[in-house]
Amino acid sequence: MHEERPLPRRPRARRTPADRLRAALLALADGHGIVREHLETPWASITFAGARHRVVLCFEGAEAVAAGEQFIGDLREHEFTIPGQLVADATVVEVDHVLLPQPRLTVTAELLLLEDV
């Protein structure tokens, strides 16, 4: 008689700081934003190491645009909680607002994450 064994579990993919940052930004956008682009560049100084992130979020529709405008106002002072990382700087560097054919807001933000060791 053949004994059935449970299938081995696949290892869960570890979420990177970039993954956690995108999730935090989408939460700040109240779930209304869509990440269109995310570029990560290593960054270091004499005393710190980390990465600079450039994230483009798109908000489509009147309700989403309102959430995007709130996101713009809240980003700079927002207290991020990303394990192992400190958000040293968060700035909106570009905004594109289109009204027709439907309201759309595109926000480009730059964030500097430092390793919290």
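# Exercises on a predicted chain

Leaving out neighbours within four places in sequence, Phe80 contacts Leu21, Ala24, Leu25, Leu28, Leu75, Val87, Ala90 and Leu111. The model is predicted, and the exercises below work through its architecture, core, salt bridges and pocket.

## Exercise 1. Architecture

Describe the order of helices and strands in the chain, and state what share of its residues is buried.

Solution.

Step 1. The secondary structure consists of two helices and four strands.

Step 2. Along the sequence, these elements follow the pattern α-β-β-α-β-β.

Step 3. Of the 117 residues in the chain, 30% are buried. The exposed surface amounts to about 8,400 Å², with 52% of it supplied by carbon and sulfur atoms.

Step 4. Among contacts with a separation of 6 or more, 59% join residues 24 or more positions apart.

## Exercise 2. The nonpolar core

Identify the residues that touch the most other members of the largest nonpolar core, and determine which element gives the most to this core.

Solution.

Step 1. The largest nonpolar core has 20 residues, and those touching the most other members are Leu21, Leu25, Phe59, Phe71, Leu75, Phe80 and Leu111.

Step 2. At least two residues of this core come from each of α1 (17–28), β2 (49–60), α2 (62–75) and β4.

Step 3. The most is given by β4, with five residues.

Step 4. Phe80 can now be placed among its partners: its contacts include Leu21, Leu25, Leu75 and Leu111, and these four are listed with Phe80 among the residues that touch the most other core members.

## Exercise 3. Two buried positions

Establish whether Thr108 and Ala67 are buried or exposed, and list the contacts of Thr108 and of Ala67.

Solution.

Step 1. Thr108 belongs to strand β4, which spans residues 104–115. Its relative accessibility is 6%, so Thr108 counts as buried, the limit being under 20%.

Step 2. Apart from residues up to four places away in sequence, Thr108 touches Arg54, Val55, Val56, Thr91, Val92, Val93 and Glu94.

Step 3. Ala67 sits in helix α2. Ala67 counts as buried because its relative accessibility is 12%.

Step 4. Beyond its neighbours within four places in sequence, Ala67 contacts Ala29, His32 and Phe59. Ala67 and Leu28 are 39 residues apart in sequence, with 8.9 Å between their C-alpha atoms.

## Exercise 4. Salt bridges

How many salt bridges does the structure hold? For each pair, give the N to O distance, the location and the degree of exposure of both residues.

Solution.

Step 1. The structure contains three salt bridges. Side chains of opposite charge can pair when their charged atoms come close.

Step 2. Arg22 pairs with Asp19, their closest N and O atoms lying 2.4 Å apart. Both are in helix α1; because they are three residues apart there, about one helical turn separates them. Arg22 counts as partly exposed at 24% relative accessibility, and Asp19 counts as partly exposed at 27%.

Step 3. Glu60 and Arg36 form a salt bridge through their side chains, at 3.3 Å from N to O. This pair links distant parts of the chain, with Glu60 in strand β2 and Arg36 in strand β1 (residues 34–44), 24 residues apart. Glu60 is partly exposed at 38% relative accessibility, whereas Arg36, at 51%, counts as exposed.

Step 4. Arg54 and Glu110 form a salt bridge with an N to O distance of 2.4 Å. Here too distant parts of the chain are linked: Arg54 lies in strand β2 and Glu110 in strand β4, 56 residues apart. Arg54 is partly exposed at 29% relative accessibility, and Glu110 is partly exposed at 22%.

Step 5. Arg54 also appears in Exercise 3, as one of the residues touched by Thr108.

## Exercise 5. The largest pocket

Which residues line the largest pocket, and which strand gives the most to its lining?

Solution.

Step 1. The space in the largest pocket is about 180 Å³.

Step 2. The lining consists of Leu75, Arg76, Glu77, His78, Glu79, Phe80, Leu86, Val87, Ala88, Asp89 and Ala90.

Step 3. Strand β3 (residues 85–98) gives the most to this lining, with five residues.

Step 4. Leu75 and Phe80 line the pocket, and both are listed among the core residues that touch the most other members. Phe80 also contacts Val87 and Ala90, two residues that are part of the pocket lining.

Methods:
Residues numbered from 1 in each chain as written. Predicted model: local features only at pLDDT ≥ 70, side-chain atom pairs only at ≥ 80, totals over all residues. Heavy atoms only, no water. Buried < 20%, exposed > 50% of the residue type's maximum accessible area, 1.4 Å probe, protein only. Contact = heavy atoms within 4.5 Å. Areas by Shrake-Rupley, 256 points an atom, 1.4 Å probe, with all protein chains shown as cover. Core = buried A, V, L, I, M, F, W, Y, C linked by side-chain atoms within 4.5 Å. Salt bridge = Lys/Arg side-chain N within 4 Å of Asp/Glu carboxyl O. 1 Å grid on protein atoms, 1.4 Å probe; cavity = no way out; pocket = protein on both sides within 12 Å on 5 of 7 lines; lining within 4 Å. Points joined across faces, edges and corners; volume = space filled by probe spheres on them.
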